[in-house]
Amino acid sequence: MKYIYITTPIYYVNAKPHIGHAYTTVACDVFARFYRMLGYSVKFCTGTDEHGKKIEQSATQAKIEPQKFVDTIAQLFKDLLPILNISNDDFIRTTQERHKKTVKHFWNILEDKGYIYLGEYSGWYDMRNEAYFSEDELIDGKSPLGGEVQYMTEPCYFFKLSEFGDKLLKFYEENPDFIFPAQKKNEVISFIKQGLKDLAVSRATFNWGVQVPNDLKHVVYVWLDALTNYLTVNGYPDNEDQNNDKYWQTVHHFVGKEIVRFHALYWPAFLMAAGINPPKRIVSHGWWLSEGEKMSKSLGNVQDPKKYCELFGSDALRYFMLRELSFGSDGNFSLEGFINRHNSVLANAYGNLCKRTLSFIQKHCGGTVKRPETLTSEDSSFIGDVDASLSEAIPLMEQYAFSKYLERIEQAISLANQYIDYQKPWSIKESDPKRMQNILFILLEQIFKITKFFYPIIPIAAKKVLTQINAPYELKIVFGEKIPDIVTINEPETLFPKIETTELEKLDVFAND
Ligand code: ME8
C-alpha cells in the first residue's frame, strides 16, 4: 500500500471564509481524490487557526468572548466543506484539547533538547500576519507582508533558529523538490544566506493562546502553535515515532505563497530540533486577485464561495478555480471568467457531448449499444488520441499542474466532439444503423474514460455521468479501461445548464455583505 498525507493551511478565524481559502482546500481535495483513485491510502486534513493577538482583538471588537467568537467562525469554515464537496478525513481546531496537548509536548521536547531559552524581544510587529520584522526588513514603513507594523518590546522565549541555517541549506540540497515551485525555494535560500536570527516563540502581552508549560505568563507563538497542527492530526504525541509513520513520510503541505517561509524554513527547523523529519513537500500557489490586489479579508475585497456553489453548484466552482489559475501564479477572479469557462467547457463541450451521445443511444438504439466487431482506422486513431491525452494528464497532476491536467481532459473532450461531428451518426441512422451504433459505443467508452479522469474535479457531475452510462466502475484510474461489451444506459440528464447572461441580474448577491 502507498500512502500520502495532504494538508491545507489551517485558516485564521477572524473573518468568514472566502474564495482564497476555498481554492487551497479544493486543490487539496482534488489531489486527495486523484491519489485515492491511484490506489493510495490518503489522509487529508484541514482546519482552523484560532489563537493569537489578532483573533483576540477581533473578538474584543465584536464584544464577544474569544472562545465563543472562534466557535462561530470555525463553524463557518467547517460548514463550507460539504458545500464545496470536500473529502477531508479530519478537521482540526487549535483550541481543541488534543492540539494543546501536542503543542505542550512539542514545546517540552524543544526545551529539553536545549533549543528554547528566555530573553527579551524588541521589533516591528505586523499584527495582520502575526510576525516580527527588523527595521531593515520594512518596506515603505510596512512589513514585507504588507501589514501595518508597531514597535514592541516584550520578554519572551526564543527558539535557536540561528543554529539551523546550514542544516536547512543541506536539507534543501539533498531534497531538491522540497519546495514547489523552484523560484520560491530560491527566495527561502537567499533569506537564510542573509543569516538567521533566533526566533521569538512566546508572547506575554496577551493570553489568547496555548500556555507555555511551566510559565503561565507566556503563550506559545501562534505560528509554532499552528504548524504543530500537522502533528496533532497525525496522532502525535501518542503516535510518537513520526519518522517511521507512513503518512508523515509523505506529507504534502499545500500553502499560499505568502506563508512559504513559515512552512519551508521555521517548520523544518522546529522539527529537526525535535528529532522529527521535515515534511516531504511544501506546495505553494499564487493568489486570487480582485482588480489587481490580493483578495483578502483585511482588504475587504473578497467573494463568497458559498454563493457560487448555491447558484451554480460546487463542481462548477471547483472546475473554474483549478482551470483558471495556473498553480503557482496569480490571477483575477471574475464573474465573467467564471461564466465563460462554465458555458464553453462544462455546459457546451462536456455537457453536450454526454447529453447528445446518451440521448442518441436512448432514441435510436433503444438504450443499448454493443462493442463493434471491427474498428475503422479513424476509430482507432480517435481512441489512441484520447488515451494519449489522458495518459499525459497523470504526471501533470503529480506535478500540481491542475490547469494543464484539465487542458488534457478538454483536449480529449474536443477529440470526441470532432469525432461525432465528423462521423455524423445521425446521418446514417437509416442507411447504416450498425455503423451508427458502433460510433456511439466508441463514443460512450471514451466518455466513460474521460469522466473518470474528470471525477476528482467535478465529482458530482462525474458520478451522474457514470450512473447514466450504467457500466460497473470503481473510482480507480485504470489505464485504457473498457466498458462491458454490451451496455444499456440509464436516462440521460442535463449536467450543467448554460448560465444565461440575463441571469446576471441575480448576481447582485455577489456584493460583499
Ligand atoms: O495564514 N488567493 O491563515 P489565513 C489564494 N493561519 N489563496 C488564498 C488567498 C488568496 N487571495 N487568501 C487566502 C494563515 N488564501 C495561517 C496559516 S498554517 C499552519 C497557518 C489561502 O486565514 C492560502 O492557502 O490567512 C493562504 O496561504 C491561506 O489561505 C491563508 O489563510
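**Close-up views of the ligand shell and of Asp 379**

**View 1. The shell around the ligand by element and class.** In this predicted model, β1 contributes four residues to the shell around the ligand, the most of any element. Each of β1 (3-12), α1 (19-37) and α7 (222-227) supplies at least two residues of that shell, where helices (H or I, at least four residues) and strands (E, at least two) are DSSP runs, numbered from the N terminus. Around the ligand there are 24 residues, of which Ile 10, Thr 24, Asp 49, Glu 258 and Met 295 come nearest, a residue being near if one of its heavy atoms lies within 4 Å. The shell comprises 12 nonpolar, eight polar and four charged residues, with Gly counted as polar and Asp, Glu, Lys and Arg as charged.

**View 2. N and O atoms facing the ligand.** An N or O atom in the side chain of Asp 49 is 2.7 Å from a nitrogen atom of the ligand, and a backbone N or O atom of Gly 256 lies 2.9 Å from an oxygen atom of the ligand. The ligand taken alone exposes 670 Å², of which the protein buries 96% (Shrake-Rupley method, 1.4 Å probe).

**View 3. The surroundings of Asp 379.** Asp 379, in helix α13 (residues 377-398), has a relative accessible area of 0% and is therefore buried (under 20%, 1.4 Å probe, protein chains only). Its side chain makes a polar contact of 2.9 Å with the side chain of Arg 435 (a pair of N or O atoms within 3.5 Å, one able to donate a hydrogen and the other to accept it).

Residues are numbered from 1 along each chain as its sequence is written. Local features need pLDDT of at least 70 and side-chain atom pairs pLDDT 80 or more, while totals for chains, interfaces and linings use all residues, and side-chain values use heavy atoms, without hydrogens and water.

Methods
Buried means under 20% relative accessible area, exposed over 50%, partly exposed in between (1.4 Å probe, protein chains only).
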